[in-house]
Amino acid sequence: MNYSSPEFLKLLKERDHQAVSSLINDYHEALIKGALKQGIGVDQAEEVVQATWTTLFEKVDNFEGRSHIRTYLFGIMYNKIKELWRSNKKYTHNFEDEQMDQLFDEFGGFMPNTSPIDPSIWTESQQFISILEEELDTLPPNQRMAFVLKEVERQPTEEICKILDVSSTNLGVLIYRAKNALRVKIEKRYKQEGTDG
Amino acid sequence: MDKLIKAIRHFLHEEVSILAPKWLKRRMISCQQVTEILSSERHVSSFKKVQLHMHMMICQCCTNYKAQLKFINQKAKNIQPPKFSAEQQVKIDNSKEDLINKFSNNK
């Protein structure tokens, strides 16, 4: 079924059984997997996706089809996840601008104690992906989402901007902060493991 | 050879940090700017690309930064959501049916 066609949109707004059935069958599991990649459990992911469908069908009459319905659907879902995180106070540490500035001196050069290390030690580690997933959990929601959509799901920049409702410049800032935070935290973990022995 | 290159980069970067006057340092592309460009993968002018390339030739910190990013990006592709158990799959399939019945008008 062509989800971009005006005919499909018309059928969806009329709650045609085949149109609704096709959409839900095609996207329900993808939505759950997308939610799981953001680090929430299966039960919560299902609740979020149920809420996503409810919101879609509440708002579909106003949906004009300027973006693909997939983008619209995933945009709703990621907003639901952000609401969930805000209510659970999900993230514990915010890598703020002040911390970013502490990495660099007045001329923008790395400070001696913050210089990035050679990552060859990371390549030897079999636990790197687990460490990466754990540190992803500590990122602020927008940064985590931007990183997962860009680097885990490999979505095109334009699509991510529509889903997160940000400009490409803002997305660049989110990705920059996310990657910087991740590499600093991962470095600390490996330094700590080296100290602990 | 690799160690020698790293040592030369370190030496050159230190010399530039010490010897270059402040007005020149302010005009040169900084590590902070380099990290921003590398992370965000935004488009930059040809002039900026040349500056970036020259900075990378003498800065071991930014070279390490780039290698770290490359490694994180490569490993991130391997992050997978947990697989559904048989029970979870049944629950999901039932949810789909319930949703279809809830939101469609006719059969």
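1. Starting with the contact between the two chains: three salt bridges turn up across the interface of chain A and chain B. Bear in mind throughout that this is a predicted model. Polar contacts between chain A and chain B come to 14 residue pairs, both partners at pLDDT 80 or more. On the side of chain A that touches chain B, the elements giving two or more residues are H2, H3 (42-59), H6 (120-123), H7 (128-136), H8 (141-152) and H10 (168-196). The top contributor there is H2(A), with eleven residues. Sorted by class, that side of chain A has 23 nonpolar, twelve polar and 18 charged residues.

2. Now the extent of the interface. Contacts involve 53 residues of chain A and 47 residues of chain B. Between them the chains bury about 4600 Å², and 67% of that is on carbon and sulfur atoms. If you want residues to look at on the chain A side, try A:His17, A:Phe107 and A:Tyr176, which lose the most area to chain B and together make up 15% of what that side buries.

3. One inter-chain pair deserves a closer look. A:Asp43 and B:Lys91 form a salt bridge, with the closest N and O atoms 3.5 Å apart. Because A:Asp43 sits in helix H3 of chain A and B:Lys91 in helix H6 of chain B, this pair joins two chains. As for exposure, B:Lys91 counts as partly exposed, at 43% relative accessibility. There's also a network of salt bridges to check, linking A:Glu29, B:Asp93 and B:Lys96.

4. While you're at H3(A), have a look at the helix itself. H3(A) has 18 residues and spans 26 Å from its first C-alpha to its last, close to the 26 Å expected at 1.5 Å a residue. Its buried residues include A:Val42, A:Val48, A:Val49, A:Trp53, A:Leu56 and A:Phe57. A:Glu46, A:Thr52 and A:Thr55 are also among the buried ones. What do the buried residues of H3(A) pack against? Within chain A, they pack against H1, H2 and helix H4 (69-88), and across in chain B against helix H6 (86-103). That H6 of chain B is also where B:Lys91 lies.

5. Over all chains, the whole structure has 15 salt bridges. Two within chain A are worth putting side by side. In one, the side chains of A:Glu151 and A:Arg154 meet at 3.0 Å, N to O. A:Glu151 is buried, with a relative accessible area of 3%, while A:Arg154 counts as partly exposed at 42%. In the other, A:Glu158 and A:Lys162 meet at 3.8 Å, N to O. Those two are about one helical turn apart, because they are four residues apart in helix H9 (residues 157-164) of chain A. Here A:Glu158 counts as exposed, at 59% relative accessibility, and A:Lys162 as partly exposed, at 44%.

6. Last, a loop residue. Where does A:Arg15 lie? You'll find A:Arg15 in the loop between helix H1 (6-13) and helix H2 (17-37) of chain A. Is this arginine, A:Arg15, buried or exposed? With a relative accessible area of 16%, A:Arg15 is buried, because the cut-off for that is under 20%. A polar atom of the A:Arg15 side chain lies 3.2 Å from the backbone oxygen of A:Lys13.

Terms used
Residues are numbered from 1 along each chain as its sequence is written. Chains are lettered from A and ligands numbered from 1 in the order in which they are written. This is a predicted model: local features need pLDDT of at least 70, side-chain atom pairs count only at pLDDT 80 or more; totals for chains, interfaces and linings use all residues. Side-chain values use heavy atoms; hydrogens and water are left out. Buried means under 20% relative accessible area, exposed over 50%, partly exposed in between (1.4 Å probe, protein chains only). A polar contact is a pair of N or O atoms within 3.5 Å; within protein, one must be able to donate a hydrogen and the other to accept it, and residues adjacent in sequence count only if both atoms are side-chain atoms. Contact means heavy atoms within 4.5 Å. Buried area is the accessible area (1.4 Å probe) that two parts lose on being put together, summed over both. A salt bridge is a side-chain nitrogen of Lys or Arg within 4 Å of a carboxyl oxygen of Asp or Glu. Ala, Val, Leu, Ile, Met, Phe, Trp, Tyr, Cys and Pro count as nonpolar, Asp, Glu, Lys and Arg as charged, and the others, Gly among them, as polar. The expected span of a helix is 1.5 Å times one less than its number of residues.
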